[in-house]
Amino acid sequence: MKLITRILHIAADLLIIFALAGIPVLMYCDLPVKGYDAVSSASIELPDSPSGEFLIIINRDLHEDTAEDWKDFFEGDYLKVIFEDINCLVPDGDVTGLELANRYMAILPENQMRVSSDDAVLIASKLEAGYVDIAILSADMADALGISTESIPDNMLVIKILEEGED
């Protein structure tokens, strides 16, 4: 009987020591974990790139110093660090334009690009008046709306890109 009480006493003491010292050590100890961490791998998967021709229109008045940097980004070149947020408009019904805009948004740091869609005719009139920050349109949508490089004001930078898509 004496032996059993001694064993129970030792077990209770070890349990108390583990509760007071072991649990906090385990909570704050960084144990190596197999796999990827947030620094060495992307946290989200990029959406597929749609195929087709696209027009990307950048307002130079709103991006005086960074319009060429944004042009490089949209053409797929290396992006320098740009400390400004952009608002990207896509016409309603332009599915491939929206897919491309969402792909660009996923590449940029969180909340740097906001994508919204609006009525196509309203976006066309905003483009002709120069009231758009950045717009992404598929070539088919631009043709349907009658938007061409000649109808866009000089303060707008027009980029034509051809996306091959992904298999």
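Me: How much surface does the protein expose, and what share of it do carbon and sulfur atoms supply?

Reply: Accessible areas are calculated by the Shrake-Rupley method with a 1.4 Å probe, and for residues only the protein chains shown count as cover. Here the protein exposes about 11400 Å², of which carbon and sulfur atoms supply 57%. Please note that this is a predicted model, in which local features need pLDDT of at least 70 and side-chain atom pairs count only at pLDDT 80 or more, while totals for chains, interfaces and linings use all residues. Residues are numbered from 1 along each chain as its sequence is written, and side-chain values use heavy atoms, with hydrogens and water left out.

Me: How many helices and strands are there in the protein?

Reply: Helices (H or I, at least four residues) and strands (E, at least two) are DSSP runs, numbered from the N terminus. The protein has five helices and five strands, which follow the pattern α-β-α-β-α-β-α-β-α-β along the sequence.

Me: What percentage of the residues count as buried?

Reply: A residue is buried under 20% relative accessible area, exposed over 50% and partly exposed in between (1.4 Å probe, protein chains only). By that rule, 32% of the 167 residues are buried.

Me: Is His63 buried or exposed?

Reply: His63 counts as buried because its relative accessible area is 3%. The residue is found in the loop between β1 (51-59) and α2 (67-74). Contact means heavy atoms within 4.5 Å; leaving aside neighbours within four places in sequence, the contacts of His63 include Trp70, Asp85 and Ile134. A polar contact is a pair of N or O atoms within 3.5 Å; within protein, one must be able to donate a hydrogen and the other to accept it, and residues adjacent in sequence count only if both atoms are side-chain atoms. The side chains of His63 and Asp133 are joined by such a contact, of 2.3 Å.

Me: With which side chain does the side chain of Thr66 make a polar contact?

Reply: The partner is the side chain of Glu84, at 2.4 Å. Thr66 lies in the loop between β1 and α2 and is buried, at 14% relative accessibility. Phe83 stands 17 residues from Thr66 in sequence and 9.4 Å away in space, C-alpha to C-alpha. Phe83 is exposed, since its relative accessible area is 79%.

Me: Which residues form salt bridges with Lys71 and Lys126?

Reply: Side chains of opposite charge can pair when their charged atoms come close. A salt bridge is a side-chain nitrogen of Lys or Arg within 4 Å of a carboxyl oxygen of Asp or Glu. A search of the whole structure finds two. Lys71 pairs with Glu75, the closest N and O atoms being 3.4 Å apart, and Lys126 pairs with Asp118, with 3.9 Å between the closest N and O atoms. Lys71 is partly exposed at 23%, as is Glu75 at 37%.

Me: Which residues form a nonpolar patch on the surface?

Reply: Patches are made of residues with over 30% relative accessible area and no salt bridge: like charges are joined within 9 Å, and nonpolar side chains (Val, Leu, Ile, Met, Phe, Trp, Tyr) within 5 Å. In this model Phe18, Ile23, Leu26, Met27 and Tyr28 form the patch, with about 630 Å² of accessible area together. Phe18 lies in helix α1 (residues 2-28) and is partly exposed, at 44%.
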